[in-house]
Amino acid sequence: MQTRDYTSALYIPIAWELFHRDSRALAHRLMSRGPFKGIVAVTRGGLIPSSIIARELDIRVVESVGVASYDDRSQGEVKVLKDLNRALVGDGEGWLVIDDLVDSGVTARAVRKMLPKAHMATVYAKPEGQAEVDSFVVAVRQDVWLLFPWDADLQPNEPLVRQQKDLGPAPAERHLDL
């Protein structure tokens with residue numbers, strides 16, 4: 001497997017309110033697909049949207065599967081850290097799998113092998129992974145790294161004018177094509 005490094009990617013911070021709104025939009029899209037027996041949250045990123053979607057769809061049974069393919073911002077091999085309760089979810093028929101993002105599709109493919117009949121949904125989807133999920137609400141460019149609110153550290157900062165001595169000359173004008 002090829003390792004991906006997103007350390008120099010374009011960063012887009014996602015505020016809690018925006019993430020909540022996008023998760024509710026996904027729930028709205030999923031309403032016509034249900035009812036579902038339960039949700040399988042892909043940890044860690046799928047835990048928070050699973051909670052929001054479980055509330056919106058009135059689902060009380062939430063299972064989790066621990067799958068890791070990222071170490072900070074570098075993607076590598078998929079590791080299953082916590083397996084599913086197979087007696088509960090079976091092959092996934094009637095179950096909804098939730099994750100925050102599908103990027104390259106590596107994690108989604110691994111979970112799909114475990115739950116081939118589940119409906120897989122993510123809040124955000126990059127082009128390389130979109131075909132691996134059944135539903136998503138927000139398309140994201142492949143070269144963008146989403147900074148989710150649970151990964152951000154809110155702390156006070158000095159106004160730019162006070163930081164000027166540490167920043168050096170003002171940066172050249174840039175145009176971002178988002």
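**Close-up views of the nonpolar cores and strand 6**

**View 1. The largest nonpolar core of the predicted model.** This core comprises 21 residues, of which Leu30, Ile53, Leu57, Leu96, Ile98, Tyr124 and Leu146 touch the most other members. Two or more residues each come from helix 1 (16-30), helix 2 (47-56), strand 6, strand 7 and strand 9 (144-147). The greatest contribution is that of helix 1, which supplies four residues. In soluble globular proteins, nonpolar side chains tend to be buried together.

**View 2. The surroundings of Ile53.** With residues up to four places away in sequence left out, Ile53 is in contact with Ser23, Leu26, Ala27, Leu30, Ile39, Leu96 and Ile98. Among these contacts, Leu30, Leu96 and Ile98 belong, like Ile53, to the group that touches the most other members of the largest core.

**View 3. The second core.** Separate from the core of View 1, a set of 17 residues forms a second core, with Val40, Val67, Leu115 and Ala125 among its members.

**View 4. Strand 6 and its pairing with strand 3.** Strand 6 (residues 95-102) is mostly covered, since eight of its eight residues are buried. Four bridges pair this strand with strand 3 (residues 38-43) in the parallel sense. Leu96 of strand 6 is the bridge partner of Ile39.

**View 5. Strand 6, strand 7 and the connection between them.** Strand 6 and strand 7 (residues 119-125) run parallel and are joined by six bridges. Ala121 in strand 7 stands opposite Ile98. From strand 6, the chain passes through helix 4 (residues 106-114) to reach strand 7, forming a right-handed β-α-β crossover.

Conventions: Residues numbered from 1 in each chain as written. Predicted model: local features only at pLDDT ≥ 70, side-chain atom pairs only at ≥ 80, totals over all residues. Heavy atoms only, no water. Buried < 20%, exposed > 50% of the residue type's maximum accessible area, 1.4 Å probe, protein only. Pairing = 2+ DSSP bridges. Right-handed = clockwise from strand over helix to strand, strands pointing away. Core = buried A, V, L, I, M, F, W, Y, C linked by side-chain atoms within 4.5 Å. Contact = heavy atoms within 4.5 Å.
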